[in-house]
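Subject: A structure for you to explore

Hello,

Here is the structure I promised to pass on to you. Please open it beside this email and follow along as you read.

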Amino acid sequence: MNKEAILYEKLPDNRVRCTACARYCEIKDGQIGLCGVRGNEGGKLDLYVYGKVITGNVDPIEKKPVIHYMPGTRIFSIATTGCNWLCKYCQNYDISQRRKIEGQDLTPSQVVQMALDNNSQGIAYTYNQPSIFMEFARDCGVEAHKKGLFNIFVSNGYDTPQSVAMMNEFLDCITVDFKGSAEPEFTRKYIGVPDPKPIFDTLIEIKNKTKIHVEITDLIVPQVGDSLEHAKKLCKFLYDNFGPEMPIHFLRFHPDYKMMEFPPTPIQTLEKHYDIAKKEGLEYVYLGNVPGHKYEHTYCPGCGGIAVGRYGFDIVSWNLDESNKCKTCGHKIPITGQLDKNYKKSRFQFVV
């Protein structure tokens, strides 16, 4: 189901420049970009994974993690093979680092129907970097809107103004997943990205050009990606550009792929990052991959009480009224959507 890409420019001598991500790969005829899924065929850029879904699962929206948008909903999560990053710690490396075009053939309409058949309220494009299959995601997302579903990207944010413009055609929510607080030495050595600046540029582009709901995650990798100085810089950037209500999730690292020799992130390290974010003025700071920790909850900035109680991906208490105001003090919590009525039911299901 190859399809000509939209996000590219033609160059002399049958070369093309891909504009789907900030690598801007210049590709000769017969060659493939670093992501492994966008290639030059006779002077035009083809998307080899258009309609090739390597996996599809129903997840809680909180697993993305997204917790200030449509809480308690079921999300149909899909991916293709390939990725524009080379993360040595990737938990989805069998998908993202696979350089073979594989997957189930599905049209955008079939993807949407699968989401509906499995009682999902939205579709997430995740497990690998969705901007590398942006044209397919866009077509799925447009069909999803027609059926009343919303769309989420779980993204590394290494995008371009062109890809953000296409996001604006269909995307409702994005969680931008920083790694090691975007410390340049970490991104070079463990991700294969020479400069993290395009991630920050993408966030500003999304803010200025779209109405997409944004949340931030930051994977804290012990010993090599746990700089408190760079965490402070990241939090200051978020506060200065998005204000105190931007949610940020500091995620615990677990050893995987080519970083099995590293230990899980110490809880104390995550708590130090939490403290830095709060000192920088961010009001909604969370720790992820630590079920049962007190910083999983949403705390009301007005009274300090638990506005939303959480355990892992589950919501265990909801102290908000129909306007998402704290029932104790009336402070408005910036959560889009009401708690889904089926939030207590199982929201995990393998589909593809």
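How much space lies in the largest pocket? About 990 Å³. Before going further, please keep in mind that this is a predicted model.

**The largest pocket**

A total of 39 residues line this pocket, and those closest to its centre are Lys 63, Lys 64, Gln 91, Asp 177 and Leu 251. If you would like to find the pocket by its strands, look at β12, β13, β15 (248-252) and β16, since each of them supplies at least two residues of the lining. Sorted by class, the lining has 17 nonpolar, 14 polar and eight charged residues.

**Two cavities**

The structure also holds two cavities of 30 Å³ or more. The largest cavity has a volume of about 90 Å³. Its lining is made of 13 residues, and the closest to its centre are Cys 18, Cys 21, Cys 25, Cys 35 and Arg 38. By class, that lining divides into nine nonpolar, two polar and two charged residues.

The second largest cavity has a volume of about 40 Å³. Among the residues that line this second cavity are Tyr 274, Lys 278, Glu 283, Tyr 284 and His 297. Here α8 (267-279), β16 (285-288) and β17 (298-299) each give at least two residues to the lining. Its classes come out as five nonpolar, two polar and two charged.

**Strands side by side**

Strands are a good next stop. Strands of a sheet pair through backbone hydrogen bonds, either parallel or antiparallel. You can find both kinds here.

For the parallel kind, go to strand β11 (residues 122-125). Strand β9 (residues 74-79) is joined to β11 by four bridges, and the two run parallel. Across that pairing, Ser 77 stands opposite Ala 124 in β11. Four bridges also join β11 to strand β12 (residues 150-155), again in parallel, and there Tyr 125 has Phe 153 of β12 as its bridge partner.

Are the faces of β11 covered or open? Both faces are covered. Gly 122 and Ala 124 are buried on one side, and Ile 123 and Tyr 125 are buried on the other.

For the antiparallel kind, try strand β6 (residues 44-47), which is joined to strand β1 (residues 3-4) by two bridges. In that pairing, Lys 3 stands opposite Leu 47 in β6. Strand β5 (residues 38-41) also pairs with β6 in the antiparallel sense, over four bridges, and Glu 41 stands opposite Lys 44. The hairpin of β5 and β6 has two residues between the strands, and in it Gly 42 takes a positive phi near 65°.

Further along is an open sheet of three strands, in the order β17-β18-β19, with antiparallel pairing. Its edge strands are β17 and β19 (314-318), each of which pairs on one side only. Strand β18 (residues 306-311) is joined to β19 by four bridges, and the bridge partner of Gly 309 is Ser 317 in β19.

**Helix α6**

Now for a helix. α6 (residues 197-209) has 13 residues and reaches 18 Å from its first C-alpha to its last, close to the 18 Å expected at 1.5 Å a residue. An α-helix has 3.6 residues a turn, so residues three or four places apart point the same way. The buried residues in α6 are Pro 198, Ile 199, Phe 200, Thr 202, Leu 203, Glu 205 and Ile 206. What covers them includes α4 (161-167), β13 (173-179), β14 (213-220) and α7 (228-242).

**One residue up close: Met 246**

Finally, look for Met 246, in the loop between α7 and β15. Why does Met 246 count as buried? Met 246 counts as buried because its relative accessibility is 5%, and the cut-off for buried is under 20%. Leaving aside its neighbours within four places in sequence, Met 246 is in contact with Val 214, Glu 215, Ile 216, Leu 238, Leu 282 and Tyr 284. Take Val 214 from that list: Met 246 and Val 214 are 32 residues apart in sequence and 7.5 Å apart in space, C-alpha to C-alpha. Another contact of Met 246, Tyr 284, also belongs to the lining of the second largest cavity.

Enjoy exploring, and write back with any questions.

Best wishes

Note on methods
Residues numbered from 1 in each chain as written. Predicted model: local features only at pLDDT ≥ 70, side-chain atom pairs only at ≥ 80, totals over all residues. Heavy atoms only, no water. Expected span 1.5 Å × (residues − 1). Buried < 20%, exposed > 50% of the residue type's maximum accessible area, 1.4 Å probe, protein only. Contact = heavy atoms within 4.5 Å. 1 Å grid on protein atoms, 1.4 Å probe; cavity = no way out; pocket = protein on both sides within 12 Å on 5 of 7 lines; lining within 4 Å. Points joined across faces, edges and corners; volume = space filled by probe spheres on them. Nonpolar A, V, L, I, M, F, W, Y, C, P; charged D, E, K, R; others polar. Pairing = 2+ DSSP bridges.
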